[in-house]
Structure formats: structure tokens, C-alpha cells
Amino acid sequence: MENIIITIGRQHGSGGPTIGELLAKKMGITYYDKELISLTAKKTGFAQDFVREVEEKQTSSFLYSIYTATQVPTVYDQARAAQFEVIREIASKGSCVIVGRAADCVLRDDPRCVRVFIHAPLAERIRRATEEYHEVYDNPERALIKKDRSRAAFYNNYSELPWGDTRNYDLTLSSSIGLDAAAEIIKDYVEAKFPKAE
């Protein structure tokens, strides 16, 4: 198969990272998720904890964007730019699966990129977050909604369309069918879109 990049956006608790990892194994290609943090840290010299914090610290207000347009980039801006450069670099090296980090926006002009979004019913997401991820919340529903809003705020800084909007993606899929089944469907889609040369 030619060099293909599959990006996976996901709601928190939908199982997107596990689906991405299963997909990479099925296709025999490289998987990137938290590895992007260490690669960005290595590229910039920033501590991994700082790079991780950058992903969670959002500055999405309109007034802030006007202000920063005339200012020297902050270390947060530099770290984000470096992570996007890392995404472009790994996409140029070979077929891979990249989870999150607005990778579909970074690679929006790459014809080899397949953009996927994973979602799931809220009750199922809460169960996975608490039972499988071992996350502890006073109010799980509110916590997951907050995490998704943070993810959307980051994404919406780089996309013309809102996070989760179906027009951003080649394929949107509910993980309620099962994580392995979801990975298999994505694999089938990729292989149908990029059939092997005879």
C-alpha cells in the first residue's frame, strides 16, 4: 500500500486511541499518540510535562487572537508549532495512524490523509473513562463535556469548521459497535479509498 496517513479525532472516552492502535496493528503501520509529546520535547528542548500542558492550555478568544497577531510568539505558540512540524515530518516518512493534536488540520492539504472521527454515547464514554481509564470524577458527565470543550477549543483554532463537524472528516464512526470492529471498518475504508496497485 502507498504511503497513507490516518488521523483520528475523538470524543473523550470513545476509545479512539485504542481503535487507532488496533488499526495500526491490523495495517502493519506506525502508531502515534502520546509519542508526539516526547518527539516534540526532543525537537524543542522543552520538558515533556510542559508540552503536555500546552495541549491542555487553550487561548481561543477573539481578542486574544488579535493581540497575539502583533506579538512575538509565546513559548506555547512555539511548542504547538513544533508539534505540528513533528506531525508533518512523521507523515512524510511512511504510513501511520495519528491520534488527536489537530493532525487532520495540519495535514488538510495532503491527498494521502484519511480523516476519521470517533464518537460514542455519553453513558458508554463515562463507563470507559471510569472503568478502563480509571479516571475519578465527582460529576463524570460534566467532566467529559469539559474535556471535549477543551479539545474543541484547541482544534477550532486551526480549522475552518468546528471540531466534530462531519464535513471535516472522511469517516465518522460510533465506537459502540466495538473497538475492534471499528478498527476493521476504518481499515476497509482506507483500503477501498487507496486500492493496491495491480
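The following questions and answers walk through the fold of this predicted model, from the whole chain to single residues.

Reader: What conventions apply to the numbering and the values?
Author: Residues are numbered from 1 along each chain as its sequence is written, and side-chain values use heavy atoms, with hydrogens and water left out. As the model is predicted, local features need pLDDT of at least 70 and side-chain atom pairs count only at pLDDT 80 or more, while totals for chains, interfaces and linings use all residues.

Reader: Which pattern does the chain follow along the sequence?
Author: Helices (H or I, at least four residues) and strands (E, at least two) are taken as DSSP runs, numbered from the N terminus. The chain holds nine helices and five strands. Read along the sequence, they give the pattern β-α-β-α-α-α-α-β-α-β-α-α-β-α.

Reader: In what order do the five strands stand in the sheet?
Author: Two strands pair if DSSP finds at least two bridges between them. Strand 1 (residues 5–10) and strand 4 are parallel over six bridges, strand 4 and strand 5 (residues 171–174) are parallel over four, and strand 2 and strand 3 (residues 96–99) are parallel over three. The five strands form an open sheet with parallel pairing, in the order 2-3-1-4-5.

Reader: Which strands stand at the edges of the sheet, and by how many degrees are neighbouring strands turned on average?
Author: Strand 2 (30–32) and strand 5 each have a single partner strand, so one side of each is left without a neighbour in the sheet, and these two are the edges. Angles run from 0 to 180 degrees between the N-to-C directions of axes, which are lines fitted to C-alpha atoms, for helices over the stretch in contact. With direction ignored, the average turn between neighbouring strands of this sheet is 20 degrees.

Reader: How many of the residues of strand 4 are buried, and which residue stands opposite Ile118?
Author: Buried means under 20% relative accessible area, exposed over 50%, and partly exposed in between, with a 1.4 Å probe and protein chains only. In strand 4 (residues 113–119), six of the seven residues are buried, so the strand is largely enclosed by the rest of the structure. Towards strand 1, Val114 of strand 4 has Ile6 opposite; towards strand 5, the residue opposite Ile118 is Leu173.

Reader: Which elements do the buried residues of helix 1 pack against?
Author: The buried residues of helix 1 are Gly16, Ile19, Gly20, Leu23, Ala24 and Met27. They cover an arc of only 135 degrees around the axis, the arc being that of the directions from the helix axis to the C-beta atoms, which puts them on the same side of helix 1. In terms of contact, meaning heavy atoms within 4.5 Å, they pack against strand 1, strand 2, strand 3, strand 4 and helix 9.

Reader: At what angle does helix 9 run to strand 4?
Author: The buried residues of helix 9 (residues 179–193) are Leu179, Ala182, Ala183, Ile186, Lys187 and Val190. Seen down the axis, they fall within an arc of 140 degrees, so they line one face of the helix, and their cover includes strand 1, helix 1 (16–27), strand 4, helix 7 (122–132) and strand 5. Helix 9 lies across strand 1, strand 4 and strand 5, and its angle to strand 4 is about 155 degrees.

Reader: Is Ser174 buried or exposed, and which side chain does its own side chain join in a polar contact?
Author: Ser174 lies in strand 5 and, with a relative accessible area of 19%, is buried. Not counting residues up to four places away in sequence, Ser174 touches His119, Ala120 and Pro121. A polar contact is a pair of N or O atoms within 3.5 Å, where within protein one must be able to donate a hydrogen and the other to accept it, and residues adjacent in sequence count only if both atoms are side-chain atoms. Such a contact, of 2.7 Å, joins the side chain of Ser174 to that of Ser176.

Reader: Which backbone oxygen does the side chain of Ser159 reach?
Author: Ser159 lies in the loop between helix 8 (140–156) and strand 5, where it is buried with a relative accessible area of 16%. Leaving aside its neighbours within four places in sequence, Ser159 is in contact with Cys105, Arg108 and Asn168. At 2.5 Å, the side chain of Ser159 reaches the backbone oxygen of Leu161.
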